[in-house]
Amino acid sequence: MNTPYPFQFTLPYPDLIPSHYDHHIQRRLSALKGQFFDQESYAAMLAREDTLLYEVYEVSRPHLPGELLSGISILHPGKVGREFFMTKGHFHAVLETAEIYYCLKGEGFMVMENPQGETSVEPLCPGRVLYVPPAWAHRSVCTSRQQDLVTFFAYPGNAGHDYGTIEKQGFAKLVVEGESGIEIIDNPRWNK
Ligand code: S6P
Ligand code: ZN
């Protein structure tokens with residue numbers, strides 16, 4: 001991993017799993033305790049099975065400001081009650097660090113907010129590049145019915161992750177299946 005030399009990897013279709021990676025992270029329903037607004041549906045679903053929600057294949061580099069960490073995030077389709085499957089979401093521990101996402105497959109949204117309480121929910125579809133500015137928490141949401149949402153990401157090596165803030169307060173906006181399609185609604189349980 002510590003090579004000082006340039007390196008390459010490929011993202012082979014159709015699965016887009018990097019030809020080289022250092023970590024494979026799997027996050028299941030139990031990792032998102034308290035995040036889905038319909039807690040009854042969450043508990044019922046978890047009692048049946050600790051469903052796999054998403055996977056991350058990370059190409060690691062030393063955690064230094066001049067380095068870039070990159071990889072692929074694969075978010076599977078599904079819902080808890082009316083709310084689409086989503087990632088835990090986080091601020092970066094070094095708040096002033098940005099991130100780039102490039103959507104390769106599927107449909108969804110990036111839900112974002114900053115410490116000033118501003119929010120942004122940006123659509124993701126193949127070919128779209130999303131810039132997450134410094135200090136914006138980010139969570140991806142898969143709204144495809146059957147397809148995974150697959151994104152390539154890159155962010156500074158020293159960024160780190162602050163999951164605790166989102167675990168406590170959630171995001172201000174939720175992405176749900178409404179009467180007439182996908183809706184972005186205010187989180188009734190959001191407290192800041
Ligand atoms: C890391 C970057 C992504 C996420 C991945 C899973 O800064 O934003 O690699 O880690 O999409 O999300 P989460 O919130 O579980 O880390
Ligand atoms: Zn991030």
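Visitor: Buried means under 20% relative accessible area. With that cut-off, is Y155 buried or exposed?

Guide: Keep in mind that this is a predicted model. Y155 has a relative accessible area of 4%, which is under 20%, so Y155 is buried.

Visitor: And F153, buried or exposed?

Guide: F153 counts as buried because its relative accessibility is 5%.

Visitor: How do the rings of F153 and Y155 sit?

Guide: They form a tilted aromatic pair. The centres are 5.9 Å apart, with 40 degrees between the planes.

Visitor: Which residues make up the ring cluster?

Guide: Y101, F153 and Y155, linked by ring pairs.

Visitor: How many aromatic pairs does the structure hold?

Guide: The structure holds 5. One of them is F36 with Y42, and that pair is stacked. It has 6.2 Å centre to centre and 25 degrees between the planes.

Visitor: Are F36 and Y42 buried or exposed?

Guide: Both F36 and Y42 are buried.

Visitor: New topic, the metal. Which residues coordinate the zinc ion (ligand 2)?

Guide: Three histidines and a glutamate: H90, H92 and H138 through NE2, and E99 through OE. The distances run from 2.1 to 2.3 Å.

Visitor: What is the geometry at the zinc ion (ligand 2)?

Guide: Octahedral, with 6 donor atoms. The angles among them span 72 to 171 degrees.

Visitor: What would the ideal angles be?

Guide: For six octahedral donors, 90 or 180 degrees.

Visitor: What spacing do the zinc donors follow along the chain?

Guide: The donors of the zinc ion (ligand 2) follow H-x1-H-x6-E-x38-H. E99 and H138 link distant parts of the chain, 39 residues apart. E99 lies in strand β6 (residues 99–105), H138 in strand β10 (residues 137–142).

Visitor: Are those two buried or exposed?

Guide: Buried. E99 counts as buried because its relative accessibility is 3%. H138 is buried too, with a relative accessible area of 3%.

Visitor: On to open space. How much lies in the largest pocket?

Guide: About 310 Å³. Its lining has 20 residues, and the closest to its centre are R27, V56, H90, H161 and Y163. H90 also coordinates the zinc ion (ligand 2).

Visitor: Which strands supply at least two residues each to that lining?

Guide: β1 (23–28), β2 (52–59), β6, β10 and β11 (149–156).

Visitor: How does the pocket lining divide by class?

Guide: The residues lining the largest pocket are 8 nonpolar, 7 polar and 5 charged.

Visitor: How many cavities of 30 Å³ or more turn up?

Guide: A search of the whole structure gives 2. The largest cavity has a volume of about 40 Å³. The second largest is also put at about 40 Å³.

Visitor: What lines the largest cavity?

Guide: A31, L32, K33, Q35, K88, G89, Y163, I166 and E167. By class, that gives 4 nonpolar, 2 polar and 3 charged residues. Y163 is also among the residues closest to the centre of the largest pocket.

Visitor: And the second largest cavity, which residues line that?

Guide: E83, F84, M86, V111, R139, V141, K173, L174 and V175. The elements giving two or more residues are β5 (83–84), β10 and β12 (173–178).

Visitor: Which element gives the largest share there?

Guide: β12, with 3 residues.

Visitor: How many polar residues are in the lining of the second largest cavity?

Guide: None. The lining of the second largest cavity has 6 nonpolar and 3 charged residues, and no polar ones.

Definitions and conventions:
Residues numbered from 1 in each chain as written. Chains lettered and ligands numbered in written order. Predicted model: local features only at pLDDT ≥ 70, side-chain atom pairs only at ≥ 80, totals over all residues. Heavy atoms only, no water. Donors = N, O, S within 2.8 Å, 3.2 Å for Na, K, Ca; no water. Tetrahedral: all angles 85-135°; square planar, octahedral: opposite > 155°, others 65-115°. Helix = DSSP H or I, 4+ residues; strand = E, 2+ residues; numbered from the N terminus. Buried < 20%, exposed > 50% of the residue type's maximum accessible area, 1.4 Å probe, protein only. 1 Å grid on protein atoms, 1.4 Å probe; cavity = no way out; pocket = protein on both sides within 12 Å on 5 of 7 lines; lining within 4 Å. Points joined across faces, edges and corners; volume = space filled by probe spheres on them. Nonpolar A, V, L, I, M, F, W, Y, C, P; charged D, E, K, R; others polar. Phe/Tyr/Trp six-rings, centres within 6.5 Å; stacked < 30°, edge-to-face > 60°.
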